[in-house]
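Biologist: I have just opened this one and would like a careful walk through it. Could you take me through the fold and then the ligand site?
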Amino acid sequence: MITHHRDLSIDFCGVRFRNPFVLSAAPPTDDLDMVRAAFDAGWAGAVLKTTSVESEPVSLVYPMMSAMHSGGERIVGFGNIDLISEHHIDVVEQRVSTLKREYPDRVVSASIMGSRKEEWQELVRRLEAAGVDIIECSFSCPQGSMGEEPGAMLAQSIEATERVAGWVKSAAKRAPVVIKITPQVTNIVKVAQAVQRGGADAICASNTIPSLMGVDVDNWVPYPNVHGSSTYSGMSGPATKPITLRTLAEIRRHVDLPITATGGPVTWRDAVEMMLVGATTVQFCTAVMHYGVDIIDDLQDGLAFYLDDKGLKSPTDLIGKALPHIVGHGELPRDAKMISSVIEDRCVRCDLCYIACRDGGHQAITLKLPDRLPTTDPDKCPGCGLCVTVCPADAIEMVKK
Ligand SMILES: Cc1cc2nc3c(=O)[nH]c(=O)nc-3n(C[C@H](O)[C@H](O)[C@H](O)COP(=O)(O)O)c2cc1C
């Protein structure tokens, strides 16, 4: 660990975070000692796993987790069929007040889900009385929201999103209200606008993505195998990052509300990317479940060095910096022509660029004898970039024609 002396603090909805890194509502925040350990390690905040009123039964099934592995990489995508916490509001309100007493400089958020207006509002009142800093509302559990049609998520309905956000906001006297939405919609901007019309203070984008994680080809049961049956999982982890980035950018370009990002980050670089497309803070779950809370050291050090390198004062200076570069397809420049060029001393002669260009591109690469160096024919190469993408050695660059 390198000791970072830099101020990484950031303001989100008037609440100060000592750095932009937060634990999302999930197993790492469903136990008091685990949150203590995370705060001791340096996390700025935690969203306690989604809770409900005492009368709400929560019936979990096991096993609940599975994953997509790829090319030797464990957990490229992570699937869960978990539900909200088994700990009801009576436990969570205690945890909030304990954590606020022990860690006054950390941000304690709590996630809630109700079925009726009275439940949502009771949860808000009790959490505020316990001293919660921020209230996050799960409108996006992939197993469905309580009180709505079975299997559907609240945030898939524009009308329900606005209505329930309004209930929560009208009950919250002090704590900012964040609505956690799903990317599984036709128009994410319309959902974000409904959050804004409901009066909520911010958006959490976005929850896990309904998925089928795989099928066991020996017994034909999809994963996770719950004694011969399965169901759709919510997918998180690295594979979801591009969807999160698109979702963040779409919202931030059209709706003026702060966003806390969730979905896919593992490294400080992932977090910076999310801030560059509009996030203020970045929540982590799968990476912590995989590698542990101590990844916070690398997150803080990496961000500190990056800001120094870029000559930026604060993480706030990153928010939205990539957005001006996102345009519609029709507005992309069409004049400047690029072609690929192999960097000879990096090439490992694996032939992958040659094969990809031959069978999926423009037959523009030949293997030049005597040493089989891939060589681009400038007359055939339109600069599609396929060879750069498949090269395992970073040995191909795009250059002006
Ligand atoms: C096992 C598990 C349980 C989760 N439970 C909740 C929950 O109770 N409430 C909630 O809002 N999100 C829940 N999530 C979603 C995470 O908070 C997070 O939004 C999601 O995993 C995407 O982030 P990641 O790619 O960093 O994991 C859960 C995720 C996992 C993996």
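Modeller: One term will help before anything else: two strands count as paired if DSSP finds at least two bridges between them. Please also keep in mind that this is a predicted model.

Biologist: Fine, so which residue stands opposite Val-282 in S14?

Modeller: That is Phe-21, which stands opposite Val-282 in S14. The strands concerned are S3, covering residues 21–23, and S14, covering residues 281–284, which run parallel and are joined by three bridges.

Biologist: And what do S3 and S14 belong to?

Modeller: They belong to a closed barrel of eight strands, which runs S3-S4-S7-S8-S9-S10-S13-S14 with parallel pairing. From one strand to the next, the twist averages 25 degrees.

Biologist: Switching to the ligand, which residues come nearest?

Modeller: Among the 26 residues around the ligand, those that come nearest are Ser-24, Thr-50, Ser-236, Cys-285 and Thr-286. Strand S4 (45–51), strand S6 (73–80) and helix H8 (286–291) each supply at least two residues of that shell.

Biologist: How many of the shell residues are polar, and how many charged?

Modeller: The shell around the ligand has 14 polar and three charged residues, with nine nonpolar ones besides.

Biologist: Last topic, the whole chain: how many helices and strands are there, and why is it called as compact as a globular protein of that length?

Modeller: The chain holds 11 helices and 18 strands. Its radius of gyration is 23 Å, close to the 21 Å that the globule rule gives for 401 residues, so the chain is as compact as a globular protein of that length. Of those 401 residues, 45% count as buried.

Conventions:
Residues numbered from 1 in each chain as written. Predicted model: local features only at pLDDT ≥ 70, side-chain atom pairs only at ≥ 80, totals over all residues. Helix = DSSP H or I, 4+ residues; strand = E, 2+ residues; numbered from the N terminus. Axes fitted to C-alpha atoms, helices over the stretch in contact; angles between N-to-C directions. Near = placed C-beta within 6 Å. Nonpolar A, V, L, I, M, F, W, Y, C, P; charged D, E, K, R; others polar. Rg over C-alpha atoms; globule rule 2.2 N^0.38 Å. Buried ≥ 20, exposed ≤ 12 C-beta atoms within 10 Å, placed from the backbone.
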